[in-house]
Amino acid sequence: MEAENGVEFLCNKTLLVTGATGFLAKGDDLSLIYIIAKELFQVLREVHGAKFDSFISKKVAPIDGDTSLINLGLNDDNEIYKEIDVIIHSAAVTKFQERYNLSLEINTLGAKNVLQYAKTCPKLQILLHVSTAYVCRQKAGLIPETLCKTLSDIVGLNIEVEKKLVDNKLNDLARKGASTKKIRDTMKSLGQKRANMYGWVNTYAFTKAMGEMLIWEHKEDLPIVIVRPTMIGSTYKEPFPCWIESVGSISMLSIVYGKGLTHFTHADSNAIIDMIPVDMVVNSIIMGMVANANKPCLTIYHVGSSMRNPLALHKLVENNYRYFNNNPWIDAQGMPVNIKKALLVKGRLHFSMLLVRDILKLMVLKIVDGASCHKFNVNQEKLEFQIKVSATMAMVFRHYLFFVGIFDDENTEKLRRAMSKEGMDGKVLNFDPNCINWDDYLLNNHIPATVKYLF
Ligand SMILES: NC(=O)c1ccc[n+]([C@@H]2O[C@H](COP(=O)([O-])OP(=O)(O)OC[C@H]3O[C@@H](n4cnc5c(N)ncnc54)[C@H](OP(=O)(O)O)[C@@H]3O)[C@@H](O)[C@H]2O)c1
């Protein structure tokens, strides 16, 4: 790696960031972002004072593009491609069970559209594609920083065929005059079905994996980095600690628990919750670009914590309890929500029995309520909702709550080592999960941030 740090590398460069309004792309005070009213930009506001607006307007130019379209939907007379030095492709649909048509267009074909666009940029030094560590089909063992599979490795998988399947299905639904809800539900279950058929856990992971495959197939000699973050948590330090935006799976666990919506979860208490603060992801993105700019190669970086400083699920659950026991959530009626210690239930039968117990309780409540002509104020809706939440969590997050894989991060570790060798004069961008004290981070940073921004 050249003796250049991330800040120097980005100086006087033109960056195109897709998905700049999203959680990750906003987590960097160097990137070109236009949601400047957000609290996250307070630090920059303080630095630039009255000149903040003119500073931002010189640095940031919003572009109305669409990565699901060829040429990113930009007009032929748009000449920005001539200026671009770096592309960070972060745009994605991130819901695990999103409609297949959207996920395929944005996560899979979108990756190819951005790649083809990058090839037209004469000054381009690097294309950085943000993927996810969970593109792997494994849920145990050491998961390497390599492509999980190429298209030819997966028997029967053909992206053109997937696209035709989606188009035919949509045409068929339109012919039958299907409602918007019917189309949505059909597309969601089609994505899940195709993902499972080819060995992936959900539509999101499947379509992101196919996006990587297309990049591999069409990359030619472009310098490309794929950064695969694991589950992204609140800011550790930069630009200030304790900021979060997107509701990922880990935040969802805190939300449903803190709001008293469930106290038992189908999960392995020793599952590895691979979590990494958003600023560490951004720092690794910057250093990944510095290390690979102008080199015709494709390098993959796992950015997570399971290899160096693993976090077990029970630790997250214990900290949720400690936090909400001391700081109960105040509900819409102004009442504190009292929480019980959470139960992590590994056995499927045990979990089903707990669900059945609650369903029976609900039935009894309904009978008593009816027989007493609604004289007792029994809260059936709450219990009914709790049952739904427990069942949905078990279905949507099952893979992650039983995940015991470790993401090998040898490439990322090499980046860290190279950086410290260069002695970067206090400007080192930290992305070392070793420095995280999980109890402290969860209790004083990630959980309060989740409460502040996501409840
Ligand atoms: N958050 C995590 O825990 C996590 C973990 C691992 C990997 N990742 C990856 O990190 C990246 C960023 O995730 P995130 O959490 O920041 O996602 P996010 O908050 O859901 O933001 C997604 C961004 O993509 C944009 N987008 C969606 N479709 C688009 C299209 N067709 N054209 C242009 N922009 C489009 C959205 O714009 P609009 O707001 O206009 O819709 C939004 O700015 C994604 O690639 C994701 O797969 C995230």
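This briefing walks through strand β3 and the sheet around it. The model is predicted, so please read the values below as computed from it. At the centre of the story is an open sheet of five strands in the order β1-β2-β3-β5-β9, paired in the parallel sense. Its edge strands are β1 (15–18) and β9 (298–303), each pairing on one side only. On average, neighbouring strands of this sheet are turned by 15° against each other, direction ignored.

**Strand β3 itself**
- β3 spans residues 126–130 and is mostly covered, with five of its five residues buried.
- Ile126, Leu128 and Val130 point one way from the strand, while Leu127 and His129 point the other way.
- Such a pattern is a familiar one: side chains in a regular strand alternate between the two faces of the sheet.

**Neighbours in the sheet**
- On one flank, β2 (residues 86–89) pairs with β3 in the parallel sense over four bridges, and Ile88 has Leu128 as its bridge partner.
- β5 (residues 224–229) also pairs with β3 in the parallel sense, over four bridges; here His129 is partnered by Ile226.
- Moving on to the edge, β5 and β9 are joined in the parallel sense over six bridges, and Pro229 stands opposite Val303 in β9.

**Helices on the sheet**
- Helix α5 (residues 100–119) lies across β1, β2, β3 and β5, running at about 175° to β2.
- Helix α8 (residues 203–218) packs on the sheet and touches β3, β5 and β9, with its direction at about 165° to that of β5.
- Together, β2, α5 and β3 form a right-handed β-α-β unit.

Methods:
Residues numbered from 1 in each chain as written. Predicted model: local features only at pLDDT ≥ 70, side-chain atom pairs only at ≥ 80, totals over all residues. Heavy atoms only, no water. Buried < 20%, exposed > 50% of the residue type's maximum accessible area, 1.4 Å probe, protein only. Helix = DSSP H or I, 4+ residues; strand = E, 2+ residues; numbered from the N terminus. Pairing = 2+ DSSP bridges. Right-handed = clockwise from strand over helix to strand, strands pointing away. Axes fitted to C-alpha atoms, helices over the stretch in contact; angles between N-to-C directions. Contact = heavy atoms within 4.5 Å.
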